[in-house]
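Notebook open, structure loaded. I want to go through this one piece by piece and jot down what I looked up.

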Amino acid sequence: MTAPAANTPDTTVSTSATVTAPAAATPLEAAASAPNPPAAPSVHVRAVITWLAIFPLVSVGMLLIAPFSESWHPVLRALVLTAVVVPLAVYLVVPRLLRVHGAIVARRRGR
């Protein structure tokens, strides 16, 4: 066998390739590269949405507890009613109303 000439390029193929992983993005870089999240509704819109959630819940709640709470002290009635209405509003009704509001705003922007 003859040795390759000194002036010819080496044509051997390397079997080990060096692969570098992309550098992990910092939270600030990740936030900058993410699409812009929708802006939060104004305080006035949130107040209306909250009222739209609370009023029907309180109205229905008062009608439901009225038959057995007539003899209760008004503060006890308010305590029981708000103990039910506030979690329902905060965890179920208001988030759904905010999603509906967001969908309406997105649809209007898409026109």
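**Starting point: Ile65**

I began with Ile65, which counts as buried at 13% relative accessibility. For the record, buried means under 20% relative accessible area, exposed means over 50%, and partly exposed is in between, with a 1.4 Å probe and protein chains only. Ile65 sits in helix H2. Helices here are DSSP runs of H or I with at least four residues, strands are runs of E with at least two, and the numbering goes from the N terminus.

Which residues does Ile65 touch, leaving aside its neighbours within four places in sequence? I found Arg77 and Leu81, with contact meaning heavy atoms within 4.5 Å. I also took the C-alpha to C-alpha distance from Ile65 to Arg77: 8.2 Å, with their positions 12 residues apart in sequence.

**Ground rules**

I am working on a predicted model, where local features need pLDDT of at least 70, side-chain atom pairs count only at pLDDT 80 or more, and totals for chains, interfaces and linings use all residues. Residues are numbered from 1 along each chain as its sequence is written, and side-chain values use heavy atoms, with hydrogens and water left out.

**The whole protein**

I counted up the elements: the protein has 3 helices and 0 strands, running α-α-α from the N terminus on. Of its 111 residues, 8% count as buried. The exposed area comes to about 9700 Å², and carbon and sulfur atoms supply 69% of that. These areas are from the Shrake-Rupley method with a 1.4 Å probe; for residues, only the protein chains shown count as cover.

**H2 and H3**

Next I listed the buried residues of H2: Ile49, Ala53, Gly61, Ile65 and Ser69. They pack against H3. In H3 the buried residues are Leu81, Val85, Ala89 and Val94, and what covers them includes H2.

Where does H2 kink? I put the kink at Leu63, shortly before the proline Pro67, at about 30°. Helix H3 (residues 74-109) bends by about 50° at Ala89, one of the buried residues of H3. The bend at a residue is the angle between axes fitted to the seven residues ending there and the seven starting there.

I checked two more pairs of positions. Ala66 lies in H2 and is partly exposed, at 30% relative accessible area. Its C-alpha is separated by 8.9 Å from that of Arg77, 11 residues apart along the chain. Ala78 is in helix H3 and is partly exposed too, at 38%. From Ala78 to Met62 I noted 9.2 Å, C-alpha to C-alpha, for 16 residues apart in sequence.

**Aromatic pairs**

How many aromatic pairs does a search of the whole structure find? I got 2. Why is the pair of Trp51 and Phe55 stacked? The ring centres of Trp51 and Phe55 are 5.2 Å apart and the planes are at 15°, so the pair counts as stacked. The rule I used: rings of Phe, Tyr and Trp (its six-membered ring) pair if their centres lie within 6.5 Å; planes under 30 degrees apart are stacked, over 60 edge-to-face, and the rest tilted.

Trp51 and Phe55 are 4 residues apart in helix H2 (residues 43-69), so about one helical turn separates them. An α-helix has 3.6 residues a turn, so residues three or four places apart point the same way. Trp51 is exposed, at 52% relative accessible area, and Phe55 is partly exposed, at 48%.

The pair of Phe68 and Trp72 is edge-to-face, at 5.7 Å centre to centre and 70° between the planes. I have Trp72 down as partly exposed, with a relative accessible area of 26%.

**Surface patch**

Last, I looked for nonpolar surface. Val84, Val86, Leu88, Val90, Tyr91 and Leu92 form a patch with about 560 Å² of accessible area together. Patches take residues with over 30% relative accessible area and no salt bridge, joining like charges within 9 Å and nonpolar side chains (Val, Leu, Ile, Met, Phe, Trp, Tyr) within 5 Å. A salt bridge is a side-chain nitrogen of Lys or Arg within 4 Å of a carboxyl oxygen of Asp or Glu. From that patch I picked Leu92, which lies in helix H3 and counts as partly exposed at 38% relative accessibility.
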